[in-house]
Each structure stands twice: as structure tokens, then as C-alpha cells.
Number of protein chains: 2
Amino acid sequence: MLENTALDNNGHLNETSRIIKVASQSRSTAVAGAIAGVLRAAPKAEVQAIGAGAVNQAVKALAIARQYLKDDGIDFFCVPQFIDLDINGNERTAVRFCVEAYRPPKSM
Amino acid sequence: MLENTALDNNGHLNETSRIIKVASQSRSTAVAGAIAGVLRAAPKAEVQAIGAGAVNQAVKALAIARQYLKDDGIDFFCVPQFIDLDINGNERTAVRFCVEAYRPPKSM
């Protein structure tokens, strides 16, 4: 699910390689766990889905991940965009969510 | 598609009432036009969908709306959340995207 994840020399996740690929059969809670795991370690993540079922699972996972991260004091926003991919010689359009984490101010 | 839209005394859209409801049959370009229209007039919009097909159309519309708004110098980010709704006595869970517009700095 988590592709090309690499640690840099300092043991941190590589900045450029956090694409979480979601399929229509992916469990949204498992994907949410992956998103939360990335955002606990790094400020950005990317979530990619092809097709209506996969996009729906991705969105559910994003909503669940916000709940998972609440106790860590982390929230995030996301920006959807289309990405053209070449998959085995076939051109496919994926939806990719660029996710950016932030720490909301604590309420009194 | 655009519900409860109301103009205030100054002719501006009412701050609290911009829920764009998306169905699986909604045309994503039409929804994108509605999102762009709201965000040209106001800094926030809400996009709501129930079911995988509707969520997919909503996400596609959000990605298209960013393209529509590019020439206006407007971009946005969104935050997905679950909302429990009572629809004709049946409890349904919707996905609602809270959308916030901003003006990115112009590139040189």
C-alpha cells in the first residue's frame, strides 16, 4: 500500500516518496492507519486512487485518519488533483490527494 | 444542487449556507462550476456526497473546480469528514468536504 517509502540518512521518511495507493478493495481503516503513520513522521503524504470505488475508499480513509490523528494533536487538509499515469502501456487518470499536516492550536 | 443559498442584506452569499449536494448522477463539470461559483463569491464552501458514486463525482468536481479557478488566482484546500444525516427517517452517513479558498502568491 505504501510505495517507495525510503528512509534518508537521518532515518526520516524520504520527502518525495510517500504515495499511498488505494484500491477499491482496500480497507479504509487500514489505509487510514497508513496515512496516520506517514503524517506522524512527516508533514506530507500523497494518496492515490483510480476509479470510483478506490476514490471512495481513499476519501473514507482520509476522514478516518483525521480521527486517528486527533489524539496526536495533528490535523491535515488535502488538495485533490488529476494525474495521468501509464499503467502497463495503458493511459489511466488517477486522483491524487496531496495531504499536508498541521498542528491546530489547542482549545482552552 | 446548491442548497439554502441566501443573499444577505449586502447581496453576498450567506456565510453559513453553502452546501453543494452531489449525487452519483451529477455531472462533475456542473458541480465544479457550482463550487467555483461559490468560491469566487465567498471564502468557504461545503460539498456533500452519500455513496461511492457520489463521493467520486464530488472529488472529480473538486479537482476540476481548481482548474476553473486558476485564472481567477484562486486555489483551495479541503478537509473531508463524516456527517450523520437523517434522510426521511433513515440514518445515512455522508462525506462532507469543507472547502477553503485562498489566493496563492503569483509565481514570477
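Here is a walk through this two-chain model, from confidence to fold to salt bridges to the interface.

Keep in mind from the start that the model is predicted. On the global scores, it comes out with an ipTM of 0.83 and a pTM of 0.84. Chain A averages a pLDDT of 88, and 82% of its residues score at least 70. That confidence isn't spread evenly, though. In chain A, helix H2 (residues 52-70) sits at the top with a mean of 97, while strand E1 (residues 2-3) sits at the bottom with a mean of 51. If you look at residues 3-7 of chain A, pLDDT stays under 50 there, and the model gives that segment 13 contacts beyond four places in sequence. So much for how far to trust what; on to the fold.

Chain A has 2 helices and 5 strands. Follow the sequence from start to end and you read off β-β-α-β-α-β-β. The chain has 108 residues, of which 43% count as buried. Now consider the contacts in chain A with a separation of 6 or more: 61% of them are between residues 24 or more positions apart.

One residue to pick out on the way is Arg18(A), in the loop between E1 and strand E2 (19-22) of chain A. Is Arg18(A) buried or exposed? Arg18(A) has a relative accessibility of 4%, and because the cut-off for buried is under 20%, Arg18(A) counts as buried. For a sense of where Arg18(A) sits, try Asp72(A) as a reference point: the two are 54 residues apart along the chain, and their C-alpha atoms are separated by 20 Å.

Next, the charged pairs. Side chains of opposite charge can pair when their charged atoms come close. How many salt bridges does a search of the whole structure find? Over all chains, the number is 8.

Start with one in chain A, where the side chains of Arg96(A) and Glu46(A) meet in a salt bridge at 3.7 Å, N to O. Arg96(A) belongs to strand E5 (residues 90-102) of chain A and Glu46(A) to strand E3 (residues 44-49) of chain A, so this pair ties together parts that are 50 residues apart in sequence. As for their surroundings, Arg96(A) is buried, with a relative accessible area of 14%, whereas Glu46(A) is partly exposed, with 23%.

Flip over to chain B and you'll find Arg96(B) in a salt bridge with Glu46(B), the closest N and O atoms being 3.7 Å apart. Here too the pair links distant parts of the chain, with Arg96(B) in strand E5 of chain B and Glu46(B) in strand E3 of chain B, 50 residues apart. Arg96(B) counts as buried at 13% relative accessibility, and Glu46(B) counts as partly exposed at 23%.

Chain B also has a salt bridge between the side chains of Lys44(B) and Glu100(B), at 3.9 Å, N to O. Lys44(B) lies in strand E3 (residues 44-49) of chain B and Glu100(B) in strand E5 of chain B, so the pair ties together parts that are 56 residues apart in sequence. Lys44(B) is partly exposed, with a relative accessible area of 42%, and Glu100(B) is partly exposed as well, with 33%.

That leaves the place where the two chains meet. The contact takes 20 residues from chain B and 20 residues from chain A. Between them, the chains bury about 1700 Å², 78% of it on carbon and sulfur atoms. Which three residues supply more than any other three of the area that chain B buries against chain A? They are Val59(B), Pro80(B) and Phe82(B), which supply 30% of that area.

What about polar and charged links across the interface? The count between chain B and chain A is 3 residue pairs in polar contact, both residues at pLDDT 80 or more, and the number of salt bridges found there is 0. On the side of chain B that touches chain A, helix H2 (52-70), strand E4 (75-87) and strand E5 (90-102) of chain B each supply at least two residues. H2(B) gives the most, with 10 residues. By type, the residues on this side of chain B divide into 14 nonpolar, 4 polar and 2 charged.

Key
Residues numbered from 1 in each chain as written. Chains lettered and ligands numbered in written order. Heavy atoms only, no water. Contact = heavy atoms within 4.5 Å. Buried area = accessible area lost by both parts, 1.4 Å probe. Salt bridge = Lys/Arg side-chain N within 4 Å of Asp/Glu carboxyl O. Polar contact = N/O pair within 3.5 Å; in protein donor to acceptor, adjacent residues only side chain to side chain. Helix = DSSP H or I, 4+ residues; strand = E, 2+ residues; numbered from the N terminus. Nonpolar A, V, L, I, M, F, W, Y, C, P; charged D, E, K, R; others polar. pLDDT = per-residue confidence, 0-100. Buried < 20%, exposed > 50% of the residue type's maximum accessible area, 1.4 Å probe, protein only.
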